[in-house]
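Here are some exercises with worked solutions for you to try. Please have the sequence and the model open side by side as you go.

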Amino acid sequence: MKTSVVKFSTYGILVGFTAFFAGLYFDITTNEIFGYATIIASLVFVYFGIRHFRDTQNNGKLSFKKGMVIGLLISLFTAIGIAIADYMYTAVINPDFFDEYAEMMKAKDPTVEIMEFTSVQAALFMLAIVFVIGLIITLISSLLLQRK
């Protein structure tokens with residue numbers, strides 16, 4: 001199990017990091033769409049990790065519970081990796097990001113209220129979003145891949 005989790009978490013983190021930083025070249029509206037596509041692309045490895053464990057390490061058998069454990073671990077590590085990328089961007093690469101974003105949103109709609117975030121809060125929020133999406137993908141994958 002450990003091999004599958006480490007291998008497919010690494011793939012998810014690499015895709016997440018690469019796409020996250022590639023997405024910085026888009027404008028903010030396109031970047032939001034690209035960001036969700038990045039999350040989905042990096043979490044596709046949940047399915048492949050569960051399937052890899054079932055087919056190569058567990059003699060073609062997989063309980064729903066074991067699939068959930070593997071998928072949640074892959075999701076968690078991938079979420080941590082993407083959260084680290086988010087933190088690096090907002091704390092080191094572009095520390096003015098939150099101010100720039102607030103100015104852009106106020107220019108679009110002066111009545112909108114903007115929540116203030118720190119880099120740590122934004123990274124934790126990203127971790128939660130990625131993990132919740134990973135939970136959904138894990139549920140679906142575990143249901144589809146279970147075999148007794």
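**Exercise 1.** Is L139 buried, partly exposed or exposed?

*Solution.* Start with the place of L139, which is in helix α5. Helices here are DSSP runs (H or I, at least four residues; strands are E, at least two), numbered from the N terminus. Next, take the relative accessible area of L139, which is 33%. The classes are buried (under 20%), exposed (over 50%) and partly exposed (in between), with a 1.4 Å probe and protein chains only. L139 is therefore partly exposed, at 33%. Finally, look across to F64: the C-alpha atoms of L139 and F64 are separated by 8.6 Å, with their positions 75 residues apart along the chain.

A word on the source before going on. This is a predicted model, where local features need pLDDT of at least 70 and side-chain atom pairs count only at pLDDT 80 or more, while totals for chains, interfaces and linings use all residues. Residues are numbered from 1 along each chain as its sequence is written, and side-chain values use heavy atoms, with hydrogens and water left out.

**Exercise 2.** Describe the overall make-up of the protein chain.

*Solution.* First count the elements: the protein chain has five helices and zero strands. Read along the sequence, they give the pattern α-α-α-α-α. Then take the extent: along the principal axes, the C-alpha atoms fill a box of roughly 60 × 25 × 25 Å. Last comes burial, with buried residues making up 34% of the 148 residues.

**Exercise 3.** How do α3 and α5 pack, and what is the handedness of their crossing?

*Solution.* Two packed helices are described by the angle between their axes and the distance between the axes. Axes are lines fitted to C-alpha atoms, for helices over the stretch in contact, and angles run from 0 to 180 degrees between N-to-C directions. For α3 and α5, the axes come within 7 Å and cross at roughly 155°. Angles under 35 degrees count as roughly parallel, over 145 as roughly antiparallel, 65 to 115 as roughly perpendicular and the rest as oblique. So α3 and α5 are roughly antiparallel to each other. Their crossing is right-handed, a term used if the near helix is turned clockwise from the far one by less than a right angle (anticlockwise gives left-handed).

One residue pair to look at is L72 and I136: they are 64 residues apart along the chain, and their C-alpha atoms are separated by 9.6 Å. L72 is in helix α3 and is partly exposed, with a relative accessible area of 25%.

**Exercise 4.** Now treat α1 and α3 in the same way. At what angle do they pack?

*Solution.* Helix α1 covers residues 2-22, and α1 packs against α3 at an angle of about 30°, with the axes 8 Å apart. That makes α1 roughly parallel to α3. The crossing of α1 and α3 is right-handed.

**Exercise 5.** Which residues form the nonpolar patch on the surface, and which helix gives the most to it?

*Solution.* Patches are made of residues with over 30% relative accessible area and no salt bridge; like charges are joined within 9 Å, nonpolar side chains (Val, Leu, Ile, Met, Phe, Trp, Tyr) within 5 Å. The patch here consists of L76, F77, I80, I84, Y87, M88, V92, I93, V120 and L124. Together they have about 860 Å² of accessible area, from the Shrake-Rupley method with a 1.4 Å probe, where for residues only the protein chains shown count as cover. Both α3 (64-93) and α5 (119-145) supply at least two residues each, and α3 gives the most, with eight.

Check two members. M88, in helix α3, counts as partly exposed at 32% relative accessibility. L76 also lies in helix α3 and is partly exposed at 31%.

**Exercise 6.** Which residue forms a salt bridge with D55?

*Solution.* A salt bridge is a side-chain nitrogen of Lys or Arg within 4 Å of a carboxyl oxygen of Asp or Glu. The structure holds one salt bridge. The partner of D55 is R54, with the closest N and O atoms 2.7 Å apart. As for exposure, D55 is partly exposed at 40%, whereas R54 counts as buried at 6%.
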